[in-house]
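Here are a few notes to read alongside the model. I hope they are handy as you look around it.

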Amino acid sequence: MITRRTALMGAAFVAASPAVVTRALASDETMDTSGAAAVDLSSLPRRKVELVPPPFVHEHEQVASTGPSIVEFEMEIIEREMEVDDDGGYLQGMTFNGSIPGPLMVVHEGDYVELTLKNPASNLMPHNIDFHAATGALGGGALTLVNPGEMTVLRFKATRPGTFVYHCAPGGPMIPWHVVSGMAGTIMILPRDGLKTDTGAPIKYDRVWYIGEAEFYIPRDENGDFKRYADVGESYPETEELMNGLIPTHVVFNGRKGALTGDNALTAKVGERVLIVHSQANRDTRPHLIGGHGDYVWESGKFNNPPERDLETWFIRGGSAGAALYSFLQPGLYAYVNHNLIEAVNLGATAHVLVEGDWDNDLMEQVTAPVEYSS
Ligand SMILES: [Cu+2]
């Protein structure tokens, strides 16, 4: 029987890459758990959370005021062309909820995450979701593969506190392609009693920013201009060839060069403590706040480990998310970068933070402004 998936995938891909179709449809990407014993969670309260686009984060408690609950989220997968710079770069994007990265989800340790994942009929590709925070079935990937026009609901227990990447992983070479097309995000699982310093003292943040770093591989034409494609299927063969060379054309925060600079700069006030969650689902990176520090940094993002203190630059392993707390002490414009400075300045991995407040001459003073001198 020709399934809807076969028809759709066939139309988009058979001419381009039959091997890909075969692998994406392989049965080992799905799993039958229908024989497992039922669990009764009917006594647990449920609450529904509306996700918001990064760099912002839905309202949440830092210290849980109640016991565990089932936290309901919903995400729609959106395939669409996205402008990624001011130089004519367009990505045939694949996204969770329309943004790159996907939204930051926040729950507490012991909660159950219940995600409704929808793949609209207007999409071309099958998709799924692999939560690094979840246990079993390829992080949920083997239970969530949805064709265009299908939806699924996955529940998993949040057993380990920390920041964890989620991403699409529909099988074979579809996996890296979907990830570098935008299908990755982060879930933050807070300890029920909140974050702690290295000495175990409770510590809170005034705001959270979610920076999702991603790299894109956008083919160029013979004149060196970025190519545009009619849809994701058409973009695949040339994009895959470029991907396999491992040299990205863009390394960006939040989906495009300039997504968080200039008029889009993040803002804070002197004295505010910010938690910066930073993910990269595919490639190593090294965040650095120019003119500031990481007061407390969970470099690997896992809150059962004490945070490191006073860091200058921290390392986010590809396929992970980390978290850094910083209290801004001086006003002015800060740059938050990937401290591979070629990637920061030339390829796009820069955000700006505009901080209001009073300058502290004790921390830094311009003793003599630049003047000419004779040597
Ligand atoms: Cu996908």
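**Notes on the predicted model**

1. Let us begin at one residue: H167 sits in strand β8. Please keep in mind that this is a predicted model. H167 counts as buried, because it has 27 C-beta neighbours inside 10 Å. Setting aside residues up to four places away in sequence, H167 touches D130, V179, M183, A184 and A281.

2. H167 also appears in a record. The unreviewed UniProt entry lists H127, H132, H167, C168, H178, M183 and H339 under "binding site". These positions span 213 residues in sequence, and their farthest two C-alpha atoms are 32.6 Å apart, so they do not all gather at one spot. I would read the listing with that spread in mind.

3. H178, another of the listed positions, is found in helix α3. Is H178 buried or exposed? H178 counts as buried, because 26 C-beta neighbours lie inside 10 Å, and the cut-off for a buried residue is 20 or more. Leaving aside neighbours within four places in sequence, the contacts of H178 are M94, H127, C168, P170 and M183. Among these contacts, H127, C168 and M183 are also on the UniProt list.

4. Now for the whole chain. There are five helices and 21 strands. The radius of gyration is 22 Å, close to the 21 Å that the globule rule gives for 375 residues, so the chain is as compact as a globular protein of that length. Taken along the principal axes, the C-alpha atoms fill a box of roughly 85 × 65 × 25 Å. Of the 375 residues, 42% count as buried. Among contacts with a separation of 6 or more, 75% come from residues 24 or more positions apart.

5. The chain is divided into domain 1, residues 45-190, and domain 2, residues 209-356. How far apart do the C-alpha centres of the two domains lie? The C-alpha centres of domain 1 and domain 2 are 19 Å apart. Across the boundary, 39 residues of domain 1 are in contact with 44 residues of domain 2.

6. Which elements supply the side of domain 1 that touches domain 2? Those giving two or more residues are β2 (70-83), β3 (90-96), β8 (162-167), α3 (174-180) and β9 (184-190). Strand β8 gives the most, with five residues; β8 is also the strand that holds H167. By class, this side of domain 1 has 23 nonpolar, 11 polar and five charged residues.

7. Q92 is worth a look too. Its place is in strand β3, and Q92 is buried, with 22 other C-beta atoms within 10 Å. Q92 and E234 are 142 residues apart in sequence, yet their C-alpha atoms are 9.1 Å apart in space. Apart from neighbours within four places in sequence, Q92 is in contact with E81, S181, Y229, D231, V232 and S235.

8. Two of those contacts of Q92, V232 and S235, lead on to helix α4. In α4 (residues 232-243), the buried residues include V232, G233, S235, Y236, T239 and M243. They cover an arc of only 125 degrees around the axis, which puts them on the same side of α4. As a reminder, an α-helix has 3.6 residues a turn, so residues three or four places apart point the same way.

Notes
Residues are numbered from 1 along each chain as its sequence is written. This is a predicted model: local features need pLDDT of at least 70, side-chain atom pairs count only at pLDDT 80 or more; totals for chains, interfaces and linings use all residues. Helices (H or I, at least four residues) and strands (E, at least two) are DSSP runs, numbered from the N terminus. The radius of gyration is taken over C-alpha atoms; the globule rule is 2.2 Å times the number of residues to the power 0.38. A residue is buried if 20 or more other C-beta atoms lie within 10 Å of its own, exposed if 12 or fewer, and partly exposed in between; C-beta atoms are placed from the backbone. Two residues are in contact if their C-beta atoms, placed from the backbone, lie within 7 Å. Domain bounds come from an automatic or database domain assignment. Ala, Val, Leu, Ile, Met, Phe, Trp, Tyr, Cys and Pro count as nonpolar, Asp, Glu, Lys and Arg as charged, and the others, Gly among them, as polar. UniProt positions are given in the numbering used here, feature names are shortened, and annotations may be inferred rather than shown by experiment. The arc is that of the directions from the helix axis to the C-beta atoms.
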